[in-house]
Amino acid sequence: MRIIRLSFSILSLFFVSISLPVHTAAAQDTPSFIDVLKKQAEANGNELVIGSQEQDGNRSIVRDFQYTNETENLEITVSELILTGFSQVGDKGFSVNRLEANGFRQKSKTRDGKDTVLSIDAITADNVDYPDLADRKTAVWPLSLGDGQFANVTLTTEGPKEKQEFRTPGINITGLEAKDNQTFSVETLVLEALSGTTSAPNGNYDLTLDGITLDNATLNSATAFDIALLEIGKFNLEGTNEEGHDIAFALGKISARNLYSPDWSKPVDSILPETGINIAAGPAELKLDGKTVFGWNKLEGSSEINDERSVMQGSGAFSRAFVNLDALPVTRENKRGLDAMTELGYERLVLDLTGDGTWNIKTGDLSLGSYRLDIDDVGSIEMVLKASGYTEAVARKVSQLSHKSSLETDPEKQSAVSLQILGELAGLTLEEAQLSVTDDSALQRVIKLQSQKTGQDAQSYQTVIPFLASSMLGPYNVPELAAQVRDALGVFMQGNRSIDLRLAPVPPLTTTQIIALGAGVRAGSVQPDEIVKRLNITVNGR
């Protein structure tokens with residue numbers, strides 16, 4: 001979205017300049033138009049200098065255009081500006097069949113005082129319409145653009161200790177409808193490629209991006225959007241960080257279809273998209289001083305929506321992600337952990353993360369069929385959840401409050417909003433939850449290592465630990481649960497086994513009831529055995 005706005009702001013000079021005096025200039029009369037433009041600039045304490053101008057039928061040519069606004073530290077120059085088919089629309093609007101500009105250069109300062117230079121060799125924009133509005137909040141928005149091409153674009157930002165430069169051979173836009181409040185829709189936007197350099201105290205880097213394509217995209221608010229297709233080409237970054245280490249990062253193509261985020265403030269908008277969402281990214285790899293540290297093979301996710309837009313089924317996978325522990329730089333903070341992993345025989349960790357779930361926004365039923373993390377030669381953790389009461393109305397309110405909290409800077413007000421969110425979730429009901437841990441040699445590695453350090457037999461650990469865990473529950477007067485824990489750990493400690501913790505309250509408990517039970521335990525009014533019974537907690541080994 002920022003790329004679209006940057007591309008669009010390139011035209012700001014022309015629209016700002018034209019919009020100020022257009023209601024007083026004679027339509028299609030370039031000399032009169034320029035004269036009024038100069039007077040308007042001078043009246044505002046700015047300066048506009050024109051080298052030459054001429055009119056050829058409906059074609060106006062302005063050369064050596066220079067606009068200076070010292071108050072805003074802004075200077076814009078254009079070697080040649082050509083307007084074809086310029087006509088006035090109402091008092092404050094206009095339309096242009098074709099706008100051409102060669103040698104565009106804009107110098108300005110960022111809010112933190114950095115010098116910024118935007119230069120474009122050539123700009124062509126067809127069918128530009130700038131509507132007649134009595135109260136326009138910004139000079140550029142809204143307007144519409146049939147086609148726009150920006151050739152050889154360079155953006156440079158420089159401060160006392162840093163410099164950034166980004167270059168692209170071209171940006172192409174079709175079917176742009178820019179609305180008020182800086183929202184818009186666009187048929188296509190193509191950034192052909194991007195290269196750049198950054199230099200700062202935290203490192204010096206070179207980067208390349210194969211390009212970006214955006215099709216049929218609409219931005220309805222700061223957080224609401226609908227995008228048919230987003231493709232981001234391969235990304236590469238190389239350089240040296242502030243500690244002097246060579247860094248190289250490569251990320252494969254990213255592709256996303258039917259991206260959707262609703263406008264939570266509008267009840268008429270469905271919070272589910274019309275069609276399923278699909279996202280894929282990867283592979284990726286990070287190298288440090290020539291050694292591969294981490295990466296992954298593929299990141300993907302998808303969803304399906306029923307015809308009534310009331311049920312969404314989704315799944316995702318993070319495949320073959322890895323960390324080479326022996327390639328990580330040793331620091332005071334991580335040395336102990338890395339040494340422990342080395343003792344256990346782990347030099348590389350490879351993992352897969354998968355998940356799937358279903359949500360019915362009408363009934364509020366929410367099901368996490370499986371959320372599973374698998375780590376090779378370590379083990380796996382899997383979670384299953386079933387809940388109800390998370391309806392469309394609740395989701396909409398929670399999202400609005402979450403957005404409000406993210407904008408709040410006062411800690412007390414943030415806490416107040418958090419309590420509001422908790423209140424909205426009061427009706428959410430827990431029906432079932434299960435957490436499963438499966439060993440894949442990690443437990444045996446730990447027991448073997450401890451046996452070597454203490455001299456105790458590994459069998460003694462397998463025998464003693466279940467009874468120790470069970471005895472620790474003795475003071476809580478939950479004998480049935482303590483027996484389940486002892487038996488389950490007895491199975492699990494044999495190695496390459498699983499242990500399950502399951503909650504299946506009968507009847508199901510709301511969030512408010514669960515919080516009340518926890519508060520009761522802390523206050524001493526609710527005994528632990530009642531918690532076990534109400535939540536129907538069971539532990540099983542297999």
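Is R320 buried, partly exposed or exposed? In this predicted model, R320 counts as partly exposed, because its relative accessibility is 34%. The cut-offs explain the label: buried means under 20% and exposed means over 50%. The partner of R320 is D376, and the two form a salt bridge whose closest N and O atoms are 3.1 Å apart. This pair links distant parts of the chain. D376 lies in the loop between β22 (366-375) and β23, R320 lies in strand β20, and 56 residues separate them. D376 is partly exposed as well, since its relative accessibility is 30%.

The overall architecture is as follows. The protein has 11 helices and 27 strands. It comprises 542 residues, of which 39% count as buried. Among contacts with a separation of 6 or more, 58% come from residues 24 or more positions apart. The exposed area is about 28600 Å². Carbon and sulfur atoms supply 52% of that area.

Strand β20 also contains G316. With a relative accessibility of 31%, G316 counts as partly exposed. Beyond its neighbours within four places in sequence, G316 is in contact with E300, G301, L353, T354 and G355. The C-alpha atom of G316 is separated by 9.4 Å from that of Y371, although the two residues are 55 residues apart along the chain.

Y371 also takes part in a nonpolar surface patch. The other members of the patch are I381, M383, L435 and L501. Its area is about 420 Å². I381 belongs to strand β23, which runs over residues 379-388. I381 counts as partly exposed because its relative accessibility is 42%.

Salt bridges were examined next. Side chains of opposite charge can pair when their charged atoms come close. The protein has 23 salt bridges. E274 and R309 form one of them, with the closest N and O atoms 3.8 Å apart. E274 lies in the loop between β15 (254-261) and β16 (278-281), and R309 lies in the loop between β19 (298-305) and β20 (311-324), so the pair ties together parts that are 35 residues apart in sequence. E274 counts as exposed, because its relative accessibility is 63%. R309 has a relative accessible area of 23%, so it is partly exposed. D112 forms a salt bridge with K114. There the closest N and O atoms are 3.5 Å apart. D112 is exposed, since its relative accessible area is 54%. A network of salt bridges links E54, R63 and E80.

Two helices were then considered in detail. Helix α7 covers residues 442-454, 13 residues in total. At 1.5 Å a residue, α7 should span 18 Å. The end C-alpha atoms of α7 are 18 Å apart, so the expected and modelled spans agree. The multiplier is one less than the number of residues. The buried residues of α7 are A442, L443, I447, L449 and S451. What covers them includes α4 (335-343), β24 (429-439), α8 (458-472) and α9 (479-492). After α7 comes G455, which has a positive phi near 85°.

Helix α9 passes the same length check. Its 14 residues should span 20 Å at 1.5 Å a residue, and its end C-alpha atoms are 20 Å apart, which agrees. The buried residues of α9 are L481, A482, Q484, V485, A488, L489 and F492. Seen down the axis of α9, these buried residues fall within an arc of 160°, so they line one face of the helix. The face turned away from this buried side carries the exposed residues P479 and E480. The buried residues of α9 pack against β24, α7, α8, β25 (498-503), α11 (528-535) and β27 (537-541). Helix α7 is thus found among the elements packed against the buried residues of α9, and α9 is among the elements that cover the buried residues of α7.

Key. Residues are numbered from 1 along each chain as its sequence is written. This is a predicted model: local features need pLDDT of at least 70, side-chain atom pairs count only at pLDDT 80 or more; totals for chains, interfaces and linings use all residues. Side-chain values use heavy atoms; hydrogens and water are left out. Helices (H or I, at least four residues) and strands (E, at least two) are DSSP runs, numbered from the N terminus. Buried means under 20% relative accessible area, exposed over 50%, partly exposed in between (1.4 Å probe, protein chains only). Contact means heavy atoms within 4.5 Å. Patches are made of residues with over 30% relative accessible area and no salt bridge: like charges are joined within 9 Å, nonpolar side chains (Val, Leu, Ile, Met, Phe, Trp, Tyr) within 5 Å. Accessible areas come from the Shrake-Rupley method with a 1.4 Å probe; for residues, only the protein chains shown count as cover. A salt bridge is a side-chain nitrogen of Lys or Arg within 4 Å of a carboxyl oxygen of Asp or Glu. The arc is that of the directions from the helix axis to the C-beta atoms.
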